[in-house]
Amino acid sequence: MAAAGGGEAVKEVKSKAELDSLVGEGNPVILHFWASWCEASKHMDQLFSHLSTDFPLVRFLRVEAEEQPEISEAYSVAAVPYFVFFKEGKSVDTLEGADPSSLANKVAKVAGSIKPGEPAAPASLGMAAGPTVLETVRELAKDNGASHHSGQLSSGTGDQLKKRLEQLVNSQPIMLFMKGNPESPQCGFSQKVVDILKKENVKFGSFDILSDNKVREGLKKFANWPTFPQLYCKGELLGGCDIAIAMHESGELGEIFRDHGIQITDSNEGKKLDEPNPGKGGVTEPSGLSTATTERLGTLVNSAPVILFMKGKPDEPRCGFSRKVVDILRQEQVEFDSFDILSDDEVRQGLKVYSNWSSYPQLYIKGELIGGSDIVLEMQKSGELKKVLSEKGVTSGETIENRLKKLVSSSPVMLFMKGTPDSPKCGFSSKVVNALKGEGVEFGSFDILSDDEVRQGLKTFSNWPTFPQLYYKGELIGGCDIVLELSSNGELQDTLSE
């Protein structure tokens, strides 16, 4: 799909494999993530096309962000316009927002036509693009208040919009946020998820994100998921198109629906096929568990003071409901063991009967079933969970959040990196180490490869998905690109000594 003003020198990328091949050639590459609905994005694309004529030795590539979710997710694209700059097969810089001067300057740097710190040649902005395009882009940037936030959610609508989004994702047991509607999808990915839900014979609600840009942009931040469609079950994000396809093909999607009491109907007759029984956990009839299985389950539920039977592991939950309970236990600073029910079907099926509880996760304290995610959440909100833990003699320990707070403040300047300063394990970590040493900055470091709990937890803690991460007095400064930019501008030492 061509963007407005799409010059012939700009190539539309259709797959991640194609992109990897082009970047792998080693030539300078500029990649533009854009969207047809974003005016700033379209006007920046005009400038992008004009720049391609000024720099014939650079490959200019275009990706429609929401039509290529695999590529967008690979580069953590959360807003458009967004640019990634490659040199010698590696990503060396990024730019977010409608900032024509910065775009031209960064293109020229990658092309090797200017020295660091010098402005781009006038032709890169004026002669090629023309004053009309530039004025339009600058006006858009001005209207948005800050050029680098042009495609993002305005902070002023945060609380009100968050409340609306919470109501929307919980408005139906199964909710699909898509382009178009189930009868007339407006993109192939939305069509695929609609087809999957119809094959699963479940009723679902839907919301056309093309009809409401606030919901469209807000949901990306609310869910921490940059693309559409987005599929929710009981208010929890399951994922996008690829995840829905994989879960459907493995049978996992149907199991999640059944585990959470979703009514499955015969698509031809409208007959209910899976109706939860009225017992406590949807299981009222014993199924003849063997003595050995019963004894094994009894041992498991008593194997730790607090044990969570979940899908996946605490650091890698395989469903949103399991993740919710893990988060609650960590917030309550509770030490707990877990059992991955996906790894053992005898336990998975048997525990439903043993506990008279038909879904997962299941939380046990001192061998007694507390309940699933909804009950645990309600108990936390009411303070009942803390009370039960106290009555049963379960003491609180250090949460990952508290541990991370201590770590990021353990040195005035703290670098979370791959490897050590003397032996970095990735080029980006090495660049930050060299920048700090070059400025004569003393710093502490932590090898995130040595502790996966810290590695995964810090992404959420800092809301920053990649490493390295540099902190000053417990506050995140940024990653490799930001540190290098501060260094090249002569601002790094001042930033780390304020």
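**Salt bridges across the chain**

The structure holds 19 salt bridges, as read from a predicted model. Three of these pairs are described here, each with its place in the chain and the accessibility of its partners.

A convenient place to start is the pair formed by Arg62 and Glu12, whose side chains meet in a salt bridge with an N to O distance of 3.3 Å. This contact links distant parts of the chain, since Arg62 sits in strand S3 (residues 59-64) and Glu12 in strand S1 (residues 10-12), 50 residues apart. Arg62 has a relative accessibility of 2% and therefore counts as buried. Glu12 is buried as well, at a relative accessible area of 17%, because the cut-off for buried is under 20%. The pair also has company: salt bridges with shared partners join Glu12, Asp45 and Arg62 into one network.

Turning to the helices, the side chains of Glu255 and Arg348 form a salt bridge at 2.3 Å, N to O. Glu255 belongs to helix H11 (residues 252-259) and Arg348 to helix H14 (residues 345-355), so this bridge ties together parts that lie 93 residues apart in sequence. Arg348 counts as buried at 6% relative accessibility, whereas Glu255 is partly exposed, with a relative accessible area of 23%.

A further salt bridge connects Glu332 with Lys386, with the closest N and O atoms 2.9 Å apart. Here a loop meets a helix: Glu332 lies between helix H13 (320-331) and strand S15 (337-340), while Lys386 is in helix H16 (residues 384-391), so parts 54 residues apart in sequence are tied together. Glu332, despite its loop position, counts as buried at 11% relative accessibility.

Methods
Residues numbered from 1 in each chain as written. Predicted model: local features only at pLDDT ≥ 70, side-chain atom pairs only at ≥ 80, totals over all residues. Heavy atoms only, no water. Salt bridge = Lys/Arg side-chain N within 4 Å of Asp/Glu carboxyl O. Helix = DSSP H or I, 4+ residues; strand = E, 2+ residues; numbered from the N terminus. Buried < 20%, exposed > 50% of the residue type's maximum accessible area, 1.4 Å probe, protein only.
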